[in-house]
Amino acid sequence: MPQNNQTEPIVIRDIGSKGIIMEGVVDEFFMPSGAVNWTINGHFDRIGAFTVRNGLTIIGAQIVDNYTIKGLHQFLDTGSGSNDRLISVANTVAYALVSGTWTSKRTGLTANSKTRFTNFVDLVFMVNGVDAMNSWDGGAGNFGTTNCTSAPAASYIDNFRSRVWAGKVTANPSRLYYSSVADASGVILWTGTDSGYIDVAPGDGEDLTGVKKFARAIYAFKNSAVYRIFSINESEPDPQISIGTYSQESITVAKDGMYWHHPSGIYRLRKGETQPIEISRPIYDIIKNVTLANYSEISSWEDDDHVCFSLGSVTVYGVIITNCVVRWTISTEVWTIYNYSVPLVAGTIYNNGTSLVRVVGDNDGNVYTFDSGTTDNGTAINYELETRWISLSGLRSEHKIIRTLTGIHEGMAGGNVGWRNGNMNRREIKPIGQLKEQETPFKNQNIEGNRMKFSVRGTSTAGNAVFQGLEIIDHINEGVII
């Protein structure tokens, strides 16, 4: 027989201190109390609360309509740094941001070729796998051939141990070339006894997919392995790391290590470690649904406490996350999920003269400051949050009815609070009401079930709206229904 027991108030706080942990990863009975099962366009940097993310602010103006940003890089020179430049590539042209205007610095590039860069000897070197390597000093002139005579038309480039390293050419897709050591005048050569190349497992059936300097080595990536090159005389004939990548742009070095994407997950390698660890298990339901076509298009970027991965559009639980970006917080080791109206295809750090910011490019010739402003270049930010399953009493076998509860927030007026129980499908959300004052009461409710999820959804243009939780004031535990 049912019981009719009035119970004490219950506080539902700790919204997201464990970040998002998706339902397919951990059973509800083992889900940490600080986890949420679903979130879009919010983060947990205020530990225990959900905060709507910041937006995108365009830099300069649209560079060229209807063309994807194929390269993004900041050139930094030494000394006064008067020639520091943000560089982007779209269609057949490389541009530099000069006094707030995107200015052509190299034309005639092979259209839509991914472009990579490295800074060395007060020059920025540029490759795209097709056209000749070029360099530029950041000044009034354009890209040219300084220090690039006889250089390979490589796809990947970095600098390491006073040399420039360039990998993968059409005829030798597993070859990693190195220049001579820079002399006192900053001159490097690509011919002679002090330059050469290393073939990285040329017979394994895989091409180079990325090159990245990290710690004491150049890491040469293939789809299923990573080889370390310690110097021109010391490299690994066999890979110690059996997790590679399909995308150079997915590789990024943050304050605590190097990160990259592989079809099986997102991995981190710290200095001194010999094997990477998978960090993406909490969002595996997303990782496993990234399409094969997007593997080679994944891009990443970092800031002082976060690493972001742009995964393309992902369908999970029957829901399309358009232009999905997942964000890892280094200090708290939690994940959250963003989506955007445009794909973010490249990212880098940019010193704008005032602060270090992160910039990203899209598929329509725009470059934006990431995590900036309160809208996505004028478009409001839609947010969603859904808690883990909550049984109130701790016993799923007991049936509960909630009559009165209060939503607690800061700046989230207009957000719609809802609920569902275990008999309702994922998108079958019943309304509770709209948030108004910071402590918004909802009376005369009939929220019932053995277990429940609570949600808040809305649109924000104000920035940093925060949802802090719920206070259940009046509820009845009917006990086990027999």
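**Around a pocket and strand β15**

Trainee: Which residues lie nearest the centre of the largest pocket?
Mentor: That pocket is lined by 37 residues (a pocket is an open set of points on a 1 Å grid over the protein atoms alone, where a 1.4 Å probe fits and protein lies on both sides within 12 Å along at least five of seven lines; lining residues have an atom within 4 Å of a point). This is a predicted model, where local features need pLDDT of at least 70 and side-chain atom pairs 80 or more, while totals for chains, interfaces and linings use all residues. Numbering runs from 1 along each chain, and side-chain values use heavy atoms, without hydrogens or water. Nearest the centre are H73, F117, K212, G347 and T348.

Trainee: Which strand gives the largest share of that lining?
Mentor: Several strands (DSSP E runs of at least two residues, numbered from the N terminus) supply at least two lining residues each, including β11 (116-120), β14 and β30 (346-351). The top share is six residues, and it comes from β7.

Trainee: How many bridges join β14 to β15?
Mentor: β14 (residues 156-160) and β15 run antiparallel as a pair (at least two DSSP bridges). One link puts N159 opposite its bridge partner V164. The bridge count is five.

Trainee: And what is the bridge partner of A166 in β16?
Mentor: β15 also runs antiparallel to β16 (residues 175-178), with three bridges. A166's partner there is Y177.

Trainee: Which residues of β15 point the other way from R163, W165 and G167?
Mentor: Side chains in a regular strand alternate between the two faces of the sheet. In β15 (residues 163-167), five of five residues are buried (under 20% relative accessible area, 1.4 Å probe, protein chains only). Pointing the other way are V164 and A166.

Methods: Buried means under 20% relative accessible area, exposed over 50%, partly exposed in between (1.4 Å probe, protein chains only). Helices (H or I, at least four residues) and strands (E, at least two) are DSSP runs, numbered from the N terminus.
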